[in-house]
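Could you walk me through this structure with a few exercises and show how each one is solved? I am new to it, so please go step by step.

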Amino acid sequence: MTAIILDGKNLALRLERKLKEQVELMTSKPGLAIVVVGNDPASELYVRKKEKSCKSLGMNFFRYNFSENITEDKIITTINFLNKDHKVNGLMVQLPLPKTMDTVNITNSIDHHKDVDGLTSRTLGDLFQRNEWQVPATPKGVIRLLEEYSIPVTGKDVIIINRSSIVGKPLAALLLNRNATVTLCHSFSQDLDSKISKADIIISGTGKPSFIRKDNIKEGAVIIDVGIIKTDGKVRGDVDFVDVCEKASYITPVPGGVGPMTVVMLMENVLAAKLRQER
Ligand code: GUN
């Protein structure tokens with residue numbers, strides 16, 4: 001078997017074109033504000049990608065930088081200010097925050113109407129109640145890719161190796177909402193290889209190269225790689241791509257798979273937030 005490539009780059013480009021057409025017709029443009037704390041190099045790269053995408057779509061972009069010594073109160077004061085700013089339709093705090101900070105407390109100070117990251121307790125809670133009005137970008141991008149290639153999830157055994165609030169937990173909810181059987185794994189999970197080898201769909205976000213290999217997957221499995229690892233200036237994912245292609249039915253490349261989908265899904269969320277706020 002040679003796997004079909006799930007081309008996130010191409011799908012993202014098509015979706016971006018549609019978004020751009022919609023934005024062009026708007027008299028007042030949607031705006032995204034990102035709060036950045038510290039200078040994590042990976043965060044810097046992601047934020048720049050979001051800024052570039054906003055600008056190419058004709059959306060407004062506002063960036064608020066803080067040093068990692070800032071107090072949580074000062075961050076929350078800025079968020080409260082942005083909650084009231086009408087030019088800001090979507091508001092997010094880039095993660096990870098410095099380890100000393102209370103991420104949930106800070107994220108929850110975002111007005112849920114502007115929570116385009118889908119990370120407030122209100123929005124995540126709604127998602128788990130099957131109310132998918134605002135879905136975190138990476139999980140939304142994964143579901144959109146599966147839909148684009150008509151890959152069924154109903155009744156399928158899906159393993160997710162990542163339990164973060166950005167990826168694993170919301171993905172589990174989205175897949176449960178679509179009647180998949182979900183196994184959510186993490187660093188304490190036992191017999192991982194055996195669990196992975198039984199799954200119809202494998203979604204891996206560990207940041208460990210070669211975590212998913214040809215010998216630990218089922219013939220015909222669908223492989224979604226959410227890992228991003230930068231080594232020797234090259235970006236790669238969790239999956240042994242070339243070997244796994246021989247056994248999988250569908251696979252996302254890295255780069256060019258889930259990554260570009262994440263950015264365009266965030267932009268879609270910003271536009272949707274703006275339209276809801278105008279109602
Ligand atoms: N860091 C890496 N990905 C994300 C994301 O989707 N949202 C936020 N807030 N931080 C991130």
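Below are some exercises, each with a worked solution, on a model that is predicted.

**Exercise 1. The ligand and its surroundings**

Task: find which residues surround the ligand, and work out where its nitrogen atoms meet polar atoms of the protein.

Solution.
- Step 1: start by listing the neighbours. Tyr46, Met92, Val93, Gln94, Leu95, Asp117 and Ile166 surround the ligand.
- Step 2: sort these neighbours by class. The shell has 5 nonpolar residues, 1 polar residue and 1 charged residue.
- Step 3: look for polar atoms beside a ligand nitrogen. From valine 93, a backbone N or O atom lies 2.8 Å from a nitrogen atom of the ligand. From glutamine 94, a side-chain N or O atom is 3.1 Å from a ligand nitrogen. From aspartate 117, a polar side-chain atom lies 2.4 Å from a nitrogen atom of the ligand.
- Step 4: finish with the surface. The ligand taken alone exposes 280 Å², and the protein buries 86% of that.

**Exercise 2. From serine 43 to a cis bond**

Task: describe the place and contacts of serine 43, then look at the peptide bond that joins leucine 95 and proline 96.

Solution.
- Step 1: find the element. Serine 43 belongs to helix H2, which covers residues 41-57.
- Step 2: is serine 43 buried or exposed? Its relative accessibility is 4%, and buried means under 20%, so serine 43 counts as buried.
- Step 3: check the side chain. Serine 43 makes a side-chain to side-chain polar contact with aspartate 40, at 2.9 Å.
- Step 4: set aside residues up to four places away in sequence. Serine 43 then touches Gln94, Leu95 and Pro96.
- Step 5: follow two of these partners. Leucine 95 and proline 96 are joined by a cis peptide bond, with omega about 5°. Proline 96 sits in the loop between strand E4 (90-93) and helix H4 (103-107).
- Step 6: compare with another cis bond. The peptide bond from valine 254 to proline 255 is cis, and its omega is near 0°. Proline 255 is placed in the loop between E11 and helix H10 (258-278).

**Exercise 3. A pair of rings**

Task: search the whole structure for aromatic pairs, then name the geometry of what you find.

Solution.
- Step 1: count. The search of the whole structure gives 1 aromatic pair.
- Step 2: describe the rings. Tyrosine 149 and tyrosine 250 have ring centres 6.5 Å apart and planes at 65°, so the pair is edge-to-face. The cut-off behind this step is that planes over 60 degrees apart count as edge-to-face.
- Step 3: place both partners. Tyrosine 149 is in the loop between helix H6 (137-148) and strand E5 (157-161), while tyrosine 250 is in strand E11 (residues 250-251), so the pair ties together parts that are 101 residues apart in sequence.
- Step 4: judge the accessibility. Tyrosine 149 has 25% relative accessibility and therefore counts as partly exposed.

**Exercise 4. Two buried side chains**

Task: list the contacts of isoleucine 143 and of methionine 101.

Solution.
- Step 1: take isoleucine 143, which is found in helix H6. Isoleucine 143 is buried, at 7% relative accessibility.
- Step 2: leave aside neighbours within four places in sequence. Isoleucine 143 is in contact with Leu171, Leu174, Leu175 and Arg178.
- Step 3: turn to methionine 101, in the loop between E4 and H4. Methionine 101 is buried too, with a relative accessible area of 9%.
- Step 4: apply that sequence filter again. Methionine 101 touches Val37, Glu68, Ile70, Glu72, Ile75 and Ile106.
- Step 5: pick one partner. Glutamate 68 is 33 residues from methionine 101 along the chain, and their C-alpha atoms are separated by 9.4 Å.

**Exercise 5. Positive phi angles**

Task: find where aspartate 191 and aspartate 232 lie, and give phi for each.

Solution.
- Step 1: aspartate 191 lies in the loop between strand E6 (181-185) and helix H8 (192-198). Its phi is near 50°, a positive value in a residue other than glycine.
- Step 2: aspartate 191 counts as exposed, at 57% relative accessibility.
- Step 3: aspartate 232 lies in the loop between strand E9 (229-231) and strand E10 (234-236). Phi of aspartate 232 is likewise near 50°.
- Step 4: aspartate 232 is exposed, with a relative accessible area of 81%.

Definitions and conventions. Residues numbered from 1 in each chain as written. Predicted model: local features only at pLDDT ≥ 70, side-chain atom pairs only at ≥ 80, totals over all residues. Heavy atoms only, no water. Phe/Tyr/Trp six-rings, centres within 6.5 Å; stacked < 30°, edge-to-face > 60°. Helix = DSSP H or I, 4+ residues; strand = E, 2+ residues; numbered from the N terminus. Buried < 20%, exposed > 50% of the residue type's maximum accessible area, 1.4 Å probe, protein only. Near = heavy atom within 4 Å. Polar contact = N/O pair within 3.5 Å; in protein donor to acceptor, adjacent residues only side chain to side chain. Areas by Shrake-Rupley, 256 points an atom, 1.4 Å probe, with all protein chains shown as cover. Nonpolar A, V, L, I, M, F, W, Y, C, P; charged D, E, K, R; others polar. Contact = heavy atoms within 4.5 Å.
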